[in-house]
Amino acid sequence: KGLNEISSACDEIDKKLKTLSIVEPPTHYRDFITNLSKDRNRVVCEDTLDRLKLAIGYLCHGYNIPSNRKAVVAVERFHAGMDRNSAMGGTGKSIFFKTLKGLVNYVELNGKEFTKNRQDPFTYSPVQFSTQLVHFADADSKYFHTERLFNQISDDFSVRKRGGILFSIPSDNAPKVCVSSNNPLKGTGTSYDRRQFIVEIGGFYRDLMEQENQTPNQFHGNKHIASPEWDEADWVEYFRFIFECLQLY
């Protein structure tokens, strides 16, 4: 009798499992990063995807490796036959860095104003001791003053505020730096190479707009990526992917 009851219960559970409908959780953030890695044929480039995930892991991790601090530079992917001066933006480079706002203390600076001809001593004035990530948005690769970042990347992070206040954030606790630019930053030599981690962003979202007149937020359920428009399920999958990136890094 006991065996019959167990068998009947197992049959009942088996029936329920067969009729159970599994709802897949939303994966907007994973999909967004994956789309950034796609080539012109909308095929995922695994190397690019890994570099994007490594960049996220590095920028979100609190540890600064003294001998290996870098600026993460997001640029448009170059392909054969492409005019290097033809990059038009709209690929999601800036959005890529902005999506980390919910995880780190984020400061955005105007990359177009950070040039060799504009030596503003108060460039870093929005930076606080608590700042973890500094993003130079929409930098013009031709005029961007990359050399000015070298000391900030490698040494203590110096900040001058109006009123004569000057302070430095120790290198082991300094904010990490990222730059979004249509083209690679100008410069040659080991100083440039060892201070940059370049990630290429494909044209998936620009093509989406040009060919289907659809913006990234429309594509992702009419919700902006990593914004208050998200619900709990969106954020759960966001953090799941971020932890994956941290683990990879």
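Q: In which strand is the place of Glu-200?
A: The model discussed here is predicted. At 33% relative accessibility, Glu-200 falls between the limits of 20% and 50%, so this residue counts as partly exposed. Its place in the chain is residues 196-201, that is, strand β7.

Q: Which residues gather in a patch of negative charge on the surface?
A: Asp and Glu are the residues counted as negative. Helix α3, which spans residues 46-60, contributes to this patch with three residues, while Glu-200 belongs to strand β7. The members of the patch are Glu-46, Asp-47, Asp-50 and Glu-200.

Q: Which helix gives the most to the negative patch?
A: The patch contains Glu-46, Asp-47 and Asp-50 in addition to Glu-200. Glu-200 is placed in strand β7. The element that gives the most, with three residues, is helix α3.

Q: Why is helix α2 (residues 28-36) described as largely enclosed, and how many of its nine residues are buried?
A: Buried means under 20% relative accessible area. In α2, the buried residues are His-28, Tyr-29, Phe-32, Ile-33, Thr-34, Asn-35 and Leu-36. Helix α2 is largely enclosed by the rest of the structure because the number of its nine residues that are buried is seven.

Q: What covers the buried residues of α2?
A: The residues to be covered include Phe-32, Ile-33 and Leu-36. One strand, β7, is included in the cover. The helices included in the cover are α3, α4 (93-98), α7 (204-212), α8 (216-219) and α9 (232-248).

Q: What is the distance between the closest N and O atoms in the salt bridge of Arg-30 with Glu-244?
A: Arg-30 has a relative accessible area of 27% and is therefore partly exposed; Glu-244, at 26%, also counts as partly exposed. A salt bridge requires the nitrogen to be within 4 Å of the carboxyl oxygen. For Arg-30 and Glu-244, the closest N and O atoms are separated by 3.0 Å. Arg-30 is in helix α2 and Glu-244 in helix α9, so the pair ties together parts whose separation in sequence is 214 residues.

Q: Which residues are joined into one network by salt bridges that share partners?
A: Lys-53 meets Glu-244 in a salt bridge of 2.7 Å, N to O. This pair links helix α3, where Lys-53 lies, to helix α9, where Glu-244 lies, across 191 residues. Lys-53 is buried because its relative accessible area is 13%. Through shared partners, the network joins Arg-30, Lys-53 and Glu-244.

Q: How many residues apart are Glu-212 and Arg-42, a pair that links distant parts of the chain?
A: At relative accessibilities of 43% for Glu-212 and 35% for Arg-42, both count as partly exposed. Their side chains meet in a salt bridge of 3.6 Å, N to O. Glu-212 is in helix α7 and Arg-42 in the loop between α2 and α3, and their separation along the chain is 170 residues.

Q: What is the phi of Arg-42?
A: Most residues other than glycine have a negative phi. Arg-42, found in the loop between α2 and α3, is not a glycine, yet its phi is positive. The value is about 65°.

Q: What is the phi of Asn-213?
A: Asn-213 is placed in the loop between α7 and α8. With a relative accessible area of 57%, Asn-213 is above the limit of 50% and is therefore exposed. Although Asn-213 is not a glycine, its phi is positive, at about 50°.

Q: With which residues is Met-209 in contact, leaving aside its neighbours within four places in sequence?
A: Met-209 is placed in helix α7 and is partly exposed, with a relative accessible area of 38%. Its C-alpha atom is 9.6 Å from that of Thr-91, a residue 118 positions away along the chain. Apart from neighbours within four places, the contacts of Met-209 are Gln-214 and Thr-215.

Q: What accessible area do Leu-103, Phe-239 and Phe-243 have together?
A: Leu-103 is placed in the loop between α4 and β2 (106-110). With a relative accessible area of 30%, Leu-103 is partly exposed. Together with Phe-239 and Phe-243, Leu-103 forms a nonpolar patch on the surface, whose accessible area is about 260 Å².

Key
Residues numbered from 1 in each chain as written. Predicted model: local features only at pLDDT ≥ 70, side-chain atom pairs only at ≥ 80, totals over all residues. Heavy atoms only, no water. Patch = residues over 30% accessible without salt bridge, like charges linked within 9 Å, V, L, I, M, F, W, Y side chains within 5 Å. Areas by Shrake-Rupley, 256 points an atom, 1.4 Å probe, with all protein chains shown as cover. Charge placed at Lys NZ, Arg CZ, Asp CG, Glu CD. Helix = DSSP H or I, 4+ residues; strand = E, 2+ residues; numbered from the N terminus. Buried < 20%, exposed > 50% of the residue type's maximum accessible area, 1.4 Å probe, protein only. Contact = heavy atoms within 4.5 Å.
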